[in-house]
Amino acid sequence: LRPDVCIGSRRCLLGASYSAVVALQVLLARPLAFQNFVLGSPSVCFDPQILHEVRDSENVGIAQAAHTGVAIFLGSKEREGTASPGNVHDRMAEGCEQLRVVLVNRGIHVDGVHELPGEDHSTMKLGLVS
């Protein structure tokens with residue numbers, strides 16, 4: 001992981017696609033379990049309720065007070081939607097931006113949405129961890 005995303009002994013949880021939504025659920029359920037979250041192409045477009053949960057959860061305030069950080073990444077080709085064969089949804093990029101806004105509005109430091117050049121939803125996972 002990039003040193004500016006996870007520093008020293010601070011713990012990170014990394015998720016991509018649906019596991020990025022699971023990482024968000026961890027943030028909501030156990031806001032002090034990890035100091036940083038790295039979310040690759042979070043599939044919030046398949047579970048838009050998670051945006052409401054982030055907006056309304058009291059635990060997000062706990063995460064904010066603990067200076068929790070979230071980095072969001074997206075494959076650059078995901079903006080093409082399902083016209084590109086490696087993509088699974090037409091609104092993945094929009095969902096990432098909506099998530100960024102909800103988190104920022106709750107006082108969470110968000111790094112991104114960063115685009116991984118040349119990657120789509122199916123290939124961005126390798127770029128995320130390298």
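The following conversation walks through salt bridges and one helix residue in a predicted model.

Visitor: How many salt bridges does the count come to in this model?
Guide: Side chains of opposite charge can pair when their charged atoms come close. The rule applied here asks for a side-chain nitrogen of Lys or Arg within 4 Å of a carboxyl oxygen of Asp or Glu. By this rule the count comes to 4 salt bridges.

Visitor: Which residue forms a salt bridge with E115, and where in the chain does that partner lie?
Guide: E115 is paired with R79, and the closest N and O atoms of the two are 2.3 Å apart. The pair links distant parts of the chain, since E115 belongs to strand 4 (residues 109-116) and its partner sits 36 residues away. The partner of E115 is R79, placed in the loop between strand 3 (69-75) and helix 4 (92-105).

Visitor: Is R79 buried or exposed?
Guide: A residue is called exposed when its relative accessible area is over 50%. R79 has 52% relative accessibility, whereas E115, its salt-bridge partner, has 36% and counts as partly exposed. Because its value is 52%, R79 counts as exposed.

Visitor: What is the N to O distance in the salt bridge between E94 and R91?
Guide: The side chains of these two residues, E94 and R91, meet in a salt bridge. E94 counts as partly exposed at 36% relative accessibility, and R91 also falls into the partly exposed class, at 44%. The N to O distance between E94 and R91 is 2.5 Å.

Visitor: Which element holds both R100 and E97?
Guide: The side chains of R100 and E97 meet in a salt bridge, with 2.6 Å from N to O. R100 is partly exposed with a relative accessible area of 24%, and E97 is partly exposed at 32%. The two residues lie 3 residues apart, about one turn of the helix, and the element that holds both R100 and E97 is helix 4.

Visitor: Is M92 buried or exposed?
Guide: M92 has its place in helix 4. Leaving aside neighbours within four places in sequence, M92 is in contact with several residues, including F46, L74 and H121. Buried means under 20% relative accessible area, and because M92 has 1% relative accessibility, M92 counts as buried.

Visitor: How many Å apart in space are M92 and L128, C-alpha to C-alpha?
Guide: M92, a residue of helix 4, is separated from L128 by 36 residues in sequence. From C-alpha to C-alpha, the distance in space between M92 and L128 is 16 Å.

Key. Residues are numbered from 1 along each chain as its sequence is written. This is a predicted model: local features need pLDDT of at least 70, side-chain atom pairs count only at pLDDT 80 or more; totals for chains, interfaces and linings use all residues. Side-chain values use heavy atoms; hydrogens and water are left out. Helices (H or I, at least four residues) and strands (E, at least two) are DSSP runs, numbered from the N terminus. Buried means under 20% relative accessible area, exposed over 50%, partly exposed in between (1.4 Å probe, protein chains only). Contact means heavy atoms within 4.5 Å.
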